[in-house]
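Here are some notes to read alongside the sequence and the structure. They are arranged as numbered points, each on one topic.

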Amino acid sequence: MTSRRNRPPSKQHRRPEGGRPHKPSRPLKGRSEPRDVRTEERGRQDDRKLSDRKPSGRTFSERSEATFRERKFSDRKFSERRPERRPADDRSSEYQSSERKPSGHKRPARKYGEEKSFEHGSERLSRGRKPDDRKSDGRKPTDRDRKSTDRQRTERKFTDRKQMADRRPEHRKPFERRSPERRQPERNIDQPEIAAETPAVQLSAAVQTVEVTPDENGMRVDRFLEARFAGLSFSHIQRIIRKGQLRVDGKRVEPKDRLEAGQSVRIPPLRLDPEKPRPEGGKDEETRQFLKSITLFEDDDVMVLNKPAGLAVQGGSGTTRHIDGMLGVIRTKDGQRPRLVHRLDKDTAGCLLIAKSRFAAAALAKTFRSRSARKIYWALVPGVPKPKQGRISTYLAKEEREDDSVMRVAQHGEEGASHAITYYAVVETAAARLAWLSLKPVTGRTHQLRVQLAHIGHPIVGDPKYFNIENWELPGGIQNRLHLLARRIAVPHPRGGVIDATAPLPPHMQQTWNLLGLDASRYDPIEDAPEG
């Protein structure tokens, strides 16, 4: 007998070309009819059920969508659901059956606080219904019924909280997000509201033609307009020059071009900003009196001031009182403001040259650049330099530190190094312990005298930056302040002649001179030193 495995396949089990073998349909266990018969009978039963179902007034797509929403809502986690506000007089909503609605009927829009419901067939299912209502068909309560009960209890709690929140004042409602607003200061209604005064912008005359004066000879075009019209902004100056509205002898110019005396300048209508109000007149008068008290020489073009020690020449970080700011209270006959020509250190006292006109400022600046100005300084140093007369020539460079910047002696060719030359002479000594030096700087580098004297081993007494002698005690009766004085200045006058001014010793140096028995009227040997 041939085994089942070795039996040749029948026609029904033969594998067709390129496909799987056909298997005959076998009846299922306990089933007498084939599968196709059962399926056909089940379909007829479903058709009878559908024909007996009452019409709901909705299409198939609407019913499917409602069923999908119901299932989606029941399957979501409770933590993801947002409880809806329900009216206070209808906290417990019972199962309600909706009557048949005609086709084409549209459900009215749900109002805020109205209970949300879902329709399925001819029934209206409410969120807050009891689980007993769902047992009307005779079935046992399921897990979904229990979840519905829990949801109903929690929704009632949320409803109670919302109703309590509705009774709260408006500013304490927790469900409103208010945009962050800054609290405005309360205004006193008894006082009238005063509108902020906006400074009016002034317009100059239509078109004016001015002539360049000798004092304005060599000035840049933009500086010329800035000096003539104090309220003119920089951008406005550049605009009228760029557009060609300003003409010099009928020609267009650039802001950097220089003017010559006698030229004719056509100026268009200008937009002038009002000048900033100055402090009270009393303070201005006090400043004028102070400047007058320290004036050594003055005419229409130049003035020489005896700058006190400790008063800065220009403003800086934390410096509000300085010479440059005080000059703002002075105006010349033609309305010009005095300006600085050179500078002194804050702790250095003595002669400070000021130009009162643009012409004088340009002439004196040229004098300082050509090293034609003659300056003499007095200083007190420990020890006696050898030789007693000499020349110091070094290169100086700026060095930045954590809290300050200082000058140091540098090598020739080093980046940022500048050549500095100073002549010195010993005027008198005090028991070979202190020496009175007269100094004549040829160049004008920052801290030049202080750095060079420290470099040769004789720093200036009282110098807080460059005094480098250890274990050196200051003699009794001498103040620990910088003993450096700009004693004398002699420069050619812009109108001809020579300006020669001498400053007296400041109080702390006069005290030291008296203590050491030094005579300030003694002959100064530095006057015979070369000029360059």
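1. A residue is called buried here when its relative accessible area is under 20%, exposed when that area is over 50%, and partly exposed in between. Please keep in mind throughout that this is a predicted model. By this cut-off, His-447 is buried, because its relative accessible area is 14%. Asp-249, in contrast, is partly exposed, with a relative accessible area of 45%.

2. Both of these residues also deserve a look for their backbone. Most residues other than glycine have a negative phi, and most peptide bonds are trans. Asp-249 has a positive phi of about 55° although it is not a glycine, and it is found in the loop that runs between strand E6 (247–248) and strand E7 (264–267). His-447 likewise has a positive phi, near 55°, and is not a glycine either; its place is the loop between E17 and helix H9 (448–455). A further backbone feature is the peptide bond from Lys-386 to Pro-387, which is cis, with omega near 0°. Pro-387 belongs to the loop between E13 and strand E14 (389–400).

3. For the overall make-up, the protein chain holds 10 helices and 19 strands. Of its 532 residues, 35% are buried. When contacts between residues at least 6 apart in sequence are considered, 63% of them join residues at least 24 apart.

4. Which strand has 7 of its 7 residues buried? This is strand E12 (residues 349–355), and it is therefore largely enclosed by the rest of the structure. Strand E10 (residues 302–307) runs antiparallel to E12 and is joined to it by 6 bridges, with Met-303 standing opposite Ile-354 of E12. Strand E11 (residues 339–340) is also antiparallel to E12, and 2 bridges join them; here Arg-339 has Ala-355 in E12 as its bridge partner. Strand E18 (residues 484–492), however, runs parallel to E12, again with 2 bridges, and in this pairing Ala-349 stands opposite Leu-485 of E18.

5. The largest nonpolar core has 37 residues, and those with the most contacts inside it are Leu-353, Ile-489 and Val-491. Strand E16 (residues 418–430) gives the most to this core, contributing 5 residues. Where does this core lie with respect to domain 2 (283–365) and domain 3 (371–516)? Both domains give residues to the core, so it lies between them.

6. Leu-353 can be followed further through its contacts. Leaving aside its neighbours within four places in sequence, Leu-353 is in contact with residues that include Val-302, Met-303, Val-304, Leu-340, Val-341 and His-342. Its contacts also include Leu-364 and Phe-368, as well as Ile-489 and Val-491. A second core, separate from the largest one, has 30 residues and includes Met-303, Leu-311, Val-313 and Leu-344.

7. Turning to the aromatic residues, the structure holds 3 aromatic pairs. In one of them, Trp-378 and Trp-436 meet edge-to-face, at 4.8 Å centre to centre and with 75° between the planes. Why does this pair tie together parts that are 58 residues apart in sequence? Trp-378 lies in strand E13 (residues 374–382) while Trp-436 lies in strand E17 (residues 434–441), so the pair connects these two strands. Both Trp-378 and Trp-436 are buried.

8. Trp-436 also forms an edge-to-face pair with Trp-513, with 5.4 Å centre to centre and 70° between the planes. This pair links distant parts of the chain, since Trp-436 is in strand E17 and Trp-513 is in helix H10 (residues 507–516), 77 residues apart. Both members of the pair, Trp-436 and Trp-513, are buried. Trp-378, Trp-436 and Trp-513 form one aromatic cluster.

9. A final point concerns a charge and a ring. The charged end of Arg-321 sits over the ring of Phe-290, at 5.2 Å from the centre of that ring.

Methods:
Residues numbered from 1 in each chain as written. Predicted model: local features only at pLDDT ≥ 70, side-chain atom pairs only at ≥ 80, totals over all residues. Heavy atoms only, no water. Phe/Tyr/Trp six-rings, centres within 6.5 Å; stacked < 30°, edge-to-face > 60°. Helix = DSSP H or I, 4+ residues; strand = E, 2+ residues; numbered from the N terminus. Buried < 20%, exposed > 50% of the residue type's maximum accessible area, 1.4 Å probe, protein only. Lys NZ or Arg CZ within 6 Å of the ring centre and 35° of its normal. Core = buried A, V, L, I, M, F, W, Y, C linked by side-chain atoms within 4.5 Å. Domains from an automatic or database assignment. Contact = heavy atoms within 4.5 Å. Pairing = 2+ DSSP bridges.
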